[in-house]
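Hi,

Here is the structure I said I would pass on. Have a look at it first, and my notes on what turned up follow underneath.

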Amino acid sequence: MLLSTDATTIALLVSGALLLLSLFASKVGGRLGLPGLLLFLVIGMLAGSEGPGGIMFDNYELTQFVGTVALVFILFNGGLETSWRTTRPVLWSGISLATLGVVLTLGIVGAAAHYILGVPWVLALLLGTIVAPTDASAVFSVLKERALGLKGQIRPLLEFESGINDPTAVALVLGLTELATHPDLPLLSIAGGFAQELILGAGIGFAFGRLGVWLLNRVNLPLDGLYYVFTVALVAVIYGLTALFHGSGFLAVYIAAVILGNSDFIHKRTLRLFHEGLSYLFEVVMFLLLGLLVFPTQLLSVALPALLVSLVLIVVARPAAVFLGLAATRIPLTHKAMVAWVGLRGAVPIILATFPLLAKVEGAHTLFNVAFFVVLVSILVQGTSLPLVARLLDVKVPLDNHPTMPLEYTPTGAGKNDLVELILPAHSPVVGQRIVDLHLPAEALIVLLRRGDEYLIPRGNTKLYAGDVLQMLGSKAFLDEVRVRTAAEDT
């Protein structure tokens, strides 16, 4: 019997083939020094209507929907991985870049676009807003892909900024799109809507973050796999409910994830791994879809002015936003310069460019093509040069990348115990001592020790050294006591 060749079969086959091709391409790209995001876009363009693949795709509504869903889960994963301990010192710096920095960027790029492209001021500022935010998926992906360790507060600041500046940009794009379609709209109403989006997003996100921790520890689902479904549903509810009340769903999801990621809850380790994989899947799908959507011949028609706009963004607007936004901080000059260079633009500007398209704003197709070109230049120029710039600025350090411990522990929900990993720093008072001499609480058990690439079964006479990773089982109260007595830190 012949296999079915209906549309669903072909769609699944092509989708799977493109995903596999993208995964292999990212592996090759890493060896060549090319960001995987760039290769995903290129594969999508090659598979599109003007490439060898010949796939006709121009559905902007579907692209916006998929892009929104993808960004929501990418932000959620980024929030789960955000350590409040490292983020707290850069909290106000990140907020400054996500607000003042975005406004400065849109103003400078908007002015450049007005004179270079010859478009009206509203469209020019709309383009400036579209390309203003650094992209969470691009920043998270490229830093991991290049295994780039950075000195001081650079990495936490970049990750926090890229996680919270998207809501600012989305709110501004919606407001300017409304202004472009209704020129008589009072500016005060746009400012009020912008403030409402951020305030409601922050408040609802905080509330659902706390509620999510409480529910995860008490829902007691019958199957472990249902906890994955639970968190997916939780993300959808947080975004949908916040947007329903005209708040920033993106900000709400990110803040809720930060609270979850810095709290103790059942299946935390496996849930973080699940959302890491889900985030990567959405990232690949999003960039493939955006590659399919673009028409390369249309990019060529705006190549020169778009290149000039890109250079203004990279060389003028981003550095101005960083140095002015961080003027009141004590962050070293070279660190600020690195933050300015890692202002990567990714899929978010392209997704934002679909809003004026769907609102039928005159000239929106030009904005879309310019935004796409800006993203290509950003990923190609900034994404490929990050290691070189980090070395030139002397801000590169070895990446502290601890392998995952092999033991796992699944709480039943009835007990209070948890399995955690603690690393002993050089200044720990227990370095050089035997485990038996530490007199640790009997309720906190060291079940495994990792030293370098070697795993050891801990015994009473085992000596501890700086850099040892202890996998410990016990209740939160006793584990906190061990942290204090050993001055150990969570990995």
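Searching the whole structure, which is a predicted model, turns up four cavities of 30 Å³ or more. The largest cavity holds about 50 Å³ of space.

What lines the largest cavity? The residues are L97, G101, V102, T105, A132, E161, N165, R318, A321, V322 and R345. By character, that lining splits into five nonpolar, three polar and three charged residues. If you want to find the spot in your viewer, go by the helices: helix 5 (91-117), helix 8 (154-181) and helix 14 (303-325) each give at least two residues to the lining of the largest cavity. Helix 5 makes the largest contribution, with four residues.

I also took a look at P305, which sits in helix 14, one of the helices that help line the largest cavity. Is P305 buried, partly exposed or exposed? Its relative accessible area is 21%, and buried would need a value under 20%, so P305 counts as partly exposed.

And what does P305 touch, leaving out residues up to four places away in sequence? The contacts are I116 and L117, and both numbers fall within the 91-117 range of helix 5. There is also a C-alpha distance for you: P305 and A112 are 193 residues apart along the chain, and their C-alpha atoms are separated by 9.9 Å.

That's what I have for now. Shout if you'd like to go through any of it.

Cheers

How values were computed
Residues are numbered from 1 along each chain as its sequence is written. This is a predicted model: local features need pLDDT of at least 70, side-chain atom pairs count only at pLDDT 80 or more; totals for chains, interfaces and linings use all residues. Side-chain values use heavy atoms; hydrogens and water are left out. On a 1 Å grid over the protein atoms alone, a cavity is a set of points where a 1.4 Å probe fits but cannot get out, and a pocket is an open set with protein on both sides within 12 Å along at least five of seven lines; lining residues have an atom within 4 Å of a point. Grid points are joined across faces, edges and corners, and a volume is the space filled by probe spheres set on the points. Ala, Val, Leu, Ile, Met, Phe, Trp, Tyr, Cys and Pro count as nonpolar, Asp, Glu, Lys and Arg as charged, and the others, Gly among them, as polar. Buried means under 20% relative accessible area, exposed over 50%, partly exposed in between (1.4 Å probe, protein chains only). Contact means heavy atoms within 4.5 Å.
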